Amino acid sequence: MVNLIWVLLASVGIIFAAFNGTMEEVNQAIFSTLDEAVMITLSLAGVLVFWLGLMKIAEEAGLLRGLAALFRPFVQKIFPDIPKDDPAMGYILSNMTANMFGLGNAATPMGLKAMKELKRLSGSDKASRSMITFLAINTSSLTLIPTTVIAIRMKYGSVAPTSIVGATIIATIISTCAALLIDRFFHYRRTRMLNHD
Amino acid sequence: MISIWFIPGIILLVLAMATWKRVPAYEVFVEGSKEGIQIAISLLPFLLGMMVSIAIFQASGAMGAILKVFEPLMQAIGVPEEILPLAFIRPISGTAALSMTTELIRTFGPDSLIGQLASTMQGSTDTTLYIITVYFGAVGIKRMGDALKVGLLADLVGIIAAIVVVFILFQ
């Protein structure tokens, strides 16, 4: 599906540009995006190196295990395939916690590390059930305090910059619950199809 | 303002715990950090490939043309059509969505209906395509299973939820 989307976005874009007279813009976009991708990777490298180092200390000091133990009953239900005391659980929880508080640049390194741990558990190049669930939670966003949005609202003179926090929390809860339900639905569909074989 | 205390606070907590548990903090830090470089480098091809494709689609004007098709539908259900491009771009490109949100807030004011809608949408869903590309790319997952379908469907629910909640709370 990703292959299809990738090919479609680029080829539809190029063909459209041919009729629309925007080939110039497309050319510019291609080369400025190359720079942008390298810049994003570089700045990600910085946060990755820092946070993975710090989280390694947290892991060795037993903080991640503590965090995992605290939320175990709840998270075990969402990720039934992960063994009880696995470090993957600690990284998943740190990612979720960082996300909730709007610490996006701390959340990504922990999420990537969690994915590595999940890959160690599954040992295949196919997305495992836990990986799909973890991504579903992340893509639906867990933000409780949208710090960036509040900052923009303040900048443009809002009388109540934080008025959208309530609405954001409700919408986030709905979208995350929906993500989990949709994920379960696809999981059961997959297992049903396997049983039919 | 509490948020500026957060990250230094976490760092202090981790270092204090490490000292208490007699973990050689600096050595462990360096050991864990190395993994970060490796992840970042393996990420670049995935990220760059996806970003170029999206950039072509946007710059050609194809994105805008698709949105035009949906405008009448939005008008019919009473949702301001100005919000539609944001709803579409949010799962695809984080930077584009953020600049769009900023533009909407600047133009219509943060406390207008459109301003509230844009703010809530921006906060309550995330950039699905980016997350999937980066997370699967970093660990070399080739077959993504249902991840994209699940993510995009959840985005759709999230966008609708944002619109409904804002209408209930602010109208």
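These legends go with a set of close-up views of a predicted model with chains A and B.

**View 1. Chain A as a whole is built from helices.** Counting its secondary structure gives 8 helices and 0 strands. Walk along the sequence and the pattern reads α-α-α-α-α-α-α-α. If you need a feel for dimensions, the C-alpha trace of chain A spans about 60 × 55 × 35 Å along its principal axes.

**View 2. Here are the chain A stretches that UniProt calls "transmembrane region".** The entry is unreviewed, and it puts this feature at residues 37-55, 132-152 and 164-186 of chain A. Take residues 132-152 of chain A: the span is 67% helix and 0% strand, with its end C-alpha atoms 32 Å apart. Residues 164-186 of chain A come out at 100% helix and 0% strand, and here the end C-alpha atoms lie 32 Å apart.

**View 3. Chain B has its own UniProt features to look at, from an unreviewed entry.** The record lists "transmembrane region" for residues 41-67 and 150-170 of chain B. In the model, residues 41-67 of chain B are 93% helix and 0% strand, and 35 Å separates the end C-alpha atoms. For residues 150-170 of chain B the figures are 100% helix and 0% strand, with 30 Å between the end C-alpha atoms. UniProt also places "domain: Nucleoside transporter/FeoB GTPase Gate" (unreviewed entry) at residues 41-142 of chain B. That stretch, residues 41-142 of chain B, is 78% helix and 0% strand, and its end C-alpha atoms are 17 Å apart.

**View 4. Helix 1 of chain A crosses helix 2 of chain B.** Helix 1 covers residues 2-20 of chain A and helix 2 covers residues 25-59 of chain B; their axes come within 7 Å and cross at roughly 40°. The crossing is left-handed. On the chain A side, the residues in contact include Val2(A), Trp6(A), Leu9(A) and Ile14(A). Their partners on helix 2 of chain B include Gly49(B), Met50(B), Ile54(B) and Phe57(B).

**View 5. Another meeting between the chains pairs helix 6 of chain A with helix 7 of chain B.** The axes of helix 6 (residues 129-139) of chain A and helix 7 (residues 128-139) of chain B come within 9 Å, crossing at roughly 145°. This crossing is right-handed. Helix 6 of chain A brings Met131(A), Phe134(A), Leu135(A), Asn138(A) and Thr139(A) to the contact, while helix 7 of chain B brings Thr128(B), Ile131(B), Ile132(B), Tyr135(B) and Phe136(B).

**View 6. A nonpolar surface patch draws on both chains.** The patch is about 700 Å² and is made by Ile170(A) and Ile174(A) along with Leu153(B), Leu156(B), Ile160(B), Val164(B), Ile168(B) and Leu169(B). The elements giving two or more residues are helix 8 (164-196) of chain A and helix 8 (147-170) of chain B. Which helix gives the largest share? That would be helix 8 of chain B, with 6 residues. Leu156(B) is in that helix 8 of chain B.

**View 7. Arg120(A) and Asp86(A) form a salt bridge.** Side chains of opposite charge can pair when their charged atoms come close. In this pair, the N to O distance is 2.9 Å. Arg120(A) belongs to helix 5 (residues 104-122) of chain A, whereas Asp86(A) sits in the loop between helix 3 (63-78) and helix 4 (87-100) of chain A. The two are 34 residues apart, so to speak linking distant parts of the chain. Over all chains, the count comes to 12 salt bridges.

Definitions and conventions:
Residues numbered from 1 in each chain as written. Chains lettered and ligands numbered in written order. Predicted model: local features only at pLDDT ≥ 70, side-chain atom pairs only at ≥ 80, totals over all residues. Heavy atoms only, no water. UniProt positions renumbered as here; feature names shortened; annotations may be inferred. Helix = DSSP H or I, 4+ residues; strand = E, 2+ residues; numbered from the N terminus. Patch = residues over 30% accessible without salt bridge, like charges linked within 9 Å, V, L, I, M, F, W, Y side chains within 5 Å. Areas by Shrake-Rupley, 256 points an atom, 1.4 Å probe, with all protein chains shown as cover. Salt bridge = Lys/Arg side-chain N within 4 Å of Asp/Glu carboxyl O. Axes fitted to C-alpha atoms, helices over the stretch in contact; angles between N-to-C directions. Left-handed = near helix turned anticlockwise from the far one by under 90°. Contact = heavy atoms within 4.5 Å.
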